[in-house]
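Me: I would like to learn how to read a helix and then a strand from a model of a protein. Could we go through one of each, with the general idea before the case?

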Amino acid sequence: MNIDLHCHSNISDGKLPPNQVVETAFENGAKLLALTDHDHIGGLSMARQTAQQIGLSFIHGVEISVSWRGRTIHIVGLNFTPSDELEKSLKINRQGRFLRLEKIAARLEKKLSVKHIVQGALDLANSPDSVSRTHIAQYLVNQGVVENLSQAFKKWLGDGKIGDIKHQWITLEEAVLAIKNAGGIAVIAHPARYKISATAMRSLVEEFMSYGGGAIEVSSSVHSLNERLNLALLANRYGLYASAGSDFHGNGEFGRMAGLSPDLPVTCKPVWELF
Ligand code: AMP
Ligand code: MN
Ligand code: MN
Ligand code: MN
């Protein structure tokens, strides 16, 4: 499907600058694109300009990290007008990133022979406040500790590993309201990636909707066909719109194809009907 409402540039943990993300999506045949950097809207104006120049429909996006019942959930915001309230919330998340890097680095350096993780990750990031686990993973790859990003997460940085430290992001309520008040629609990103029970998933959806959340990402390149079908059922059961995205990062691993996402099951109400 030629619609991509979830992708990353080097403003957060993607590899390509915003203009090249847009160009790559266009070359892949995209008809509608949103750039959704983690906790950051700094790439949107460059992306919008490039999209205008090449004639690609573009909407504003962001992917916000939130803490919900002790775990991290990602909320995508789409089609908002950047606001002070939104920027303020994003900034709170970004300010926590450097401190988290120092904590993760200290833990990893105790276990691994590799040094200078803080500086190594910072060198790969656009700024200290957008440094992410992806940059740490890339540094570990560059140092020869692991073969690829996915191995870095599997061994060191993923769920339950020693580099997975508890971190306090903003709340689900704050993220959804900031998106909504900026005129956008809030979307639960890649719901199948959270290892939570069906009951917890329903609680998440219900709480999300109580704040005004309106969609879930049914189609994501990190979901299997079966997961997409189950999420379509969940969306329809709650009357939620369905979104779609590649989760492209430009690193050849995560979210391979910019501008394209797996088809939405036909029963879904596509979120782009709203745009
Ligand atoms: P952070 O926001 O700093 O916690 O970093 C989370 C990012 O790590 C996600 O947005 C993904 O880009 C990346 N990530 C998570 N799990 C994996 C994985 N298994 N393989 C590659 N990248 C991953
Ligand atoms: Mn990412
Ligand atoms: Mn995510
Ligand atoms: Mn993402």
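Reply: Let us begin with the length of a helix, keeping in mind that this model is predicted. At 1.5 Å a residue, helix 9, with its 14 residues (225-238), should span 20 Å, and since its end C-alpha atoms are 20 Å apart, the expectation and the model agree.

Me: Which residues of helix 9 are buried, and how do they lie when seen down its axis?

Reply: Buried here means under 20% relative accessible area, and the residues of helix 9 that meet this are Arg 228, Leu 231, Ala 232, Leu 234, Ala 235 and Tyr 238. Seen down the axis, they fall within an arc of 165°, so they line one face of the helix. What covers them includes helix 8 (198-210) and strand 7 (215-220), whereas the face turned away from the buried side carries the exposed residues Leu 225, Asn 226, Leu 233 and Arg 237. Just after helix 9, Gly 239 takes a positive phi of about 65°.

Me: How should I read strand 3, and which strands does it pair with?

Reply: In a regular strand the side chains alternate between the two faces of the sheet. Strand 3 (residues 57-68) is mostly covered, with 11 of its 12 residues buried. Strand 3 runs parallel to strand 2 (residues 32-35), joined by 4 bridges, with His 60 as the bridge partner of Leu 35. With strand 4 (residues 71-78) the pairing is antiparallel over 8 bridges, and there Val 62 stands opposite Gly 77. Strand 5 (residues 170-171) is joined to strand 3 in parallel by 2 bridges, and Ile 170 is the bridge partner of Val 66.

Technical notes: Residues are numbered from 1 along each chain as its sequence is written. Chains are lettered from A and ligands numbered from 1 in the order in which they are written. This is a predicted model: local features need pLDDT of at least 70, side-chain atom pairs count only at pLDDT 80 or more; totals for chains, interfaces and linings use all residues. Side-chain values use heavy atoms; hydrogens and water are left out. The expected span of a helix is 1.5 Å times one less than its number of residues. Buried means under 20% relative accessible area, exposed over 50%, partly exposed in between (1.4 Å probe, protein chains only). The arc is that of the directions from the helix axis to the C-beta atoms. Contact means heavy atoms within 4.5 Å. Two strands pair if DSSP finds at least two bridges between them.
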